[in-house]
Amino acid sequence: MDMMSVQDSYRYDTTSKSLRDIQEARKRAIRLSNQKKAKKKRKKSVNYNAKELSHQLSRATRASGATQVLVRAKGMIEYLQRCAATGNFDEGEIKAAIAHARRMVKCARKKVRNLKNEERMERKEKKTGVSKDIRKDSELKALIRRELRKLRQKNRREEQEEISDADMRYLKERIRQQQRSTSGGDSSYEQEAMCETPVESSGEVMTEGAECVEASTVDVVM
């Protein structure tokens, strides 16, 4: 009886060791598979600086300067569309960048119109004073200056509101994308942790390994 007990114990230890080896091999295979899938899913970040465009537009004080920003914004849209066509860049990031660049185009067009109108009023003020009535000319110049000052304040306030709104929308979208990316990473981590749950029989090893593979597959598809 003692000899049979020793043999049974030896067989049990050998079987347990084999099951542990199988389990470890399955865990390594699943871990490597998840890492490969994550690398395939990971794409390049697009080179887009939203603050640069908005700051350049905010600092523009002449129509020529705002026109230069308008040209840059249009060129940035073309660049982003070329990046999107390659399929090598993050789709959500490119969409957010294109949406922001288009809003910058809209804001720049408005600022170009406003500045051109203000510059026309400046020229009108300079032309005032050709008549012989100096007092009348002085009053007219003062009136034009007041109107121009009010118009500038109104235009800059409206322009800055639209620029700030475009920046805020872009920032919110980027934060949402990062949160989705982070939650996806946590999910993969939880699946990997589930795969490391110890089991005691070969049947349980096969079942749990299959569940882990199925769960990781569903996560990638989503």
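Leaving aside neighbours within four places in sequence, which residues is Arg-152 in contact with? Some notes on that and the rest of the model, which is a predicted one.

1. **Arg-152.** The residues in question are Glu-118 and Glu-122, once neighbours within four places in sequence are set aside. Arg-152 itself sits in helix 5, which spans residues 134-195. Its relative accessible area is 30%, so it goes down as partly exposed. If you want a backbone check on this spot, look at Asn-117: its C-alpha atom is 9.9 Å from that of Arg-152, with the two positions 35 residues apart along the chain.

2. **Overall layout.** Stepping back, there are six helices and zero strands here. Reading along the sequence you get α-α-α-α-α-α. Take the contacts with a separation of 6 or more: 79% of them are between residues 24 or more positions apart.

3. **Surface and burial.** The chain has 222 residues, and buried ones make up 29% of them. Its accessible surface is about 15800 Å², with carbon and sulfur atoms holding 53% of that.

4. **Glu-125.** Have a look at this one in helix 4, which runs over residues 91-127. It has a relative accessible area of 15%, under the 20% cut-off, so this glutamate counts as buried. Not counting residues up to four places away in sequence, Glu-125 touches Lys-141, Ile-144 and Arg-145.

5. **Gln-56.** Here is another polar side chain to click on, this time in helix 2. Gln-56 comes out at 18% relative accessibility, and it is classed as buried because the limit is 20%. Its contacts, again leaving aside neighbours within four places in sequence, are with Val-69 and Arg-72.

6. **The aromatic pair.** How many aromatic pairs does the structure hold? There is one. The partners are Tyr-48 and Tyr-170, with ring centres 5.8 Å apart and planes at 70 degrees; the angle is over 60, so the pair is edge-to-face. The pair links distant parts of the chain, with the two positions 122 residues apart. Tyr-48 is in the loop between helix 1 (2-41) and helix 2 (50-59), whereas Tyr-170 belongs to helix 5. Are these tyrosines buried or exposed? Both Tyr-48 and Tyr-170 are buried.

7. **Cysteines.** Searching the whole structure for disulfides gives zero. For the record, a disulfide is a covalent bond between the sulfur atoms of two cysteines. Two cysteines to look at are Cys-83 and Cys-107: Cys-83 is buried at 7% relative accessible area, and Cys-107 is buried too, at 6%.

8. **A nonpolar patch.** Which residues make the nonpolar surface patch of about 260 Å²? They are Met-168, Leu-171 and Ile-175. Ile-175 lies in helix 5, the helix that also carries Arg-152 and Tyr-170. With a relative accessible area of 39%, Ile-175 is partly exposed. That value is over the 30% needed for a patch residue, so Ile-175 passes on accessibility.

How values were computed:
Residues are numbered from 1 along each chain as its sequence is written. This is a predicted model: local features need pLDDT of at least 70, side-chain atom pairs count only at pLDDT 80 or more; totals for chains, interfaces and linings use all residues. Side-chain values use heavy atoms; hydrogens and water are left out. Patches are made of residues with over 30% relative accessible area and no salt bridge: like charges are joined within 9 Å, nonpolar side chains (Val, Leu, Ile, Met, Phe, Trp, Tyr) within 5 Å. Accessible areas come from the Shrake-Rupley method with a 1.4 Å probe; for residues, only the protein chains shown count as cover. A salt bridge is a side-chain nitrogen of Lys or Arg within 4 Å of a carboxyl oxygen of Asp or Glu. Helices (H or I, at least four residues) and strands (E, at least two) are DSSP runs, numbered from the N terminus. Buried means under 20% relative accessible area, exposed over 50%, partly exposed in between (1.4 Å probe, protein chains only). Contact means heavy atoms within 4.5 Å. Rings of Phe, Tyr and Trp (its six-membered ring) pair if their centres lie within 6.5 Å; planes under 30 degrees apart count as stacked, over 60 as edge-to-face and the rest as tilted. A disulfide is a pair of cysteine sulfur atoms within 2.5 Å.
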